[in-house]
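Hi,

Here's the structure I promised to pass on. Have a look at it first, then read on for what turned up when I went through the aromatic rings.

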Amino acid sequence: MRDIAVFTGSAHPELAAEICEHLGVPLMPTQISRFANDCIEVQLRGNCRERDVFLIQPLVPPTQEHLAELLFMLDAARGASAARITVVLPHYAYARSDKKDAPRISIGGRLVADLLSTAGADRVLAMTLHSPQVHGFFSIPVDHLHALRELAHHFRGYDLSNTVVVSPDLGNAKEAAAFARMLGVEVAAGAKQRFADDKVVISSVIGEVADRDVIVLDDEIAKGSTVFELLARLRERNVRSVRVACTHGLFTNDAVQRLSEQKEIEEIVCTNTVPIPKRNRTDKLTILSVAPALAEAIRRIHNGESVSALFA
């Protein structure tokens, strides 16, 4: 591909390298240094002038560090006369801050979207945003991908004759219903209330799950509080087996180990939108790659082709 330049920060260089491998282009080097006063400096060590520049950086812990890197990369590319700058956000952590549900709190999803645009982003390529309204926080074009196709391809390898897809809450029920249609199975959902970041209550499960094989689908798993609460309700209904699927496997506080210890859970499936250290992996964890999908979307953006056609 001509006239394209791809850079990445320190958040997930392995994913960026895999995307570039599928594109058939080199991953340009980025130098990130830190001054004595703890300020960072970013240098894009590749030609950006009049090129279509793509900056790949998921916002993962340490999230604020990686956000700062991305903003400096944007400023550097704009100052280097890039023709167009696209931010590739495999994981947009601030998408969870999408509403004012308490007095005097910030809506981080909108604020960070404004920061990216002000820093120089011309468009954004995102993967599985936490809620649909986050798309509207951006004043620049957004191409929103999802990983349902990759997840569905994986689960089609199992016997799905007695399977039901379960969404942990009603907010994710639409995605779960779309996923269930892709698999040709039924769908159910939990009635969830969140009282704190790590305190959720699921009062009931809407749909038939008794004596069924369950696929729990969520957009991301961090501490795993929602999955553990849902698992308790599924036990009460005597489900036959449980497989857990998500796009963003953050797995903080040893969540993947604790989930793997649950005898009902046969498999935990996530994608590589965020880096998962090898020390956090278990035999029950399966990681699927979204690099081919992101690479194809980048190719289509560069060539002026339809990205939505990927989901046709």
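Let's start with Phe-138: with a relative accessibility of 9%, which is under the 20% cut-off, this residue counts as buried. Keep in mind that this is a predicted model.

So which ring does Phe-138 pair with? Its partner is Tyr-92, and the two make a tilted aromatic pair, 5.6 Å from centre to centre with 50° between the planes. Tyr-92 is buried too, at 3% relative accessibility. Now check where they sit: Tyr-92 is in the loop between β5 (84-89) and α3 (108-119), while Phe-138 is in the loop between β6 (123-127) and β7 (142-145). The pair therefore ties together parts that lie 46 residues apart in sequence.

How many aromatic pairs are there in the whole structure? A search finds three. Another tilted one is Phe-155 with Tyr-158, because their ring centres are 6.1 Å apart and their planes meet at 45°, and planes from 30 to 60 degrees apart count as tilted.

Are these two rings buried or exposed? Phe-155 is buried, with a relative accessible area of 0%, whereas Tyr-158 comes out at 30% and counts as partly exposed.

There's a bit more going on around here. Phe-155 and Tyr-158 join Phe-179 in one aromatic cluster. Tyr-158 also has a charged neighbour: Arg-243 lies over the face of its ring, 4.0 Å from the ring centre. Try finding Arg-243 and Tyr-158 in the viewer and looking at that face yourself.

Cheers

Terms used:
Residues numbered from 1 in each chain as written. Predicted model: local features only at pLDDT ≥ 70, side-chain atom pairs only at ≥ 80, totals over all residues. Heavy atoms only, no water. Phe/Tyr/Trp six-rings, centres within 6.5 Å; stacked < 30°, edge-to-face > 60°. Helix = DSSP H or I, 4+ residues; strand = E, 2+ residues; numbered from the N terminus. Buried < 20%, exposed > 50% of the residue type's maximum accessible area, 1.4 Å probe, protein only. Lys NZ or Arg CZ within 6 Å of the ring centre and 35° of its normal.
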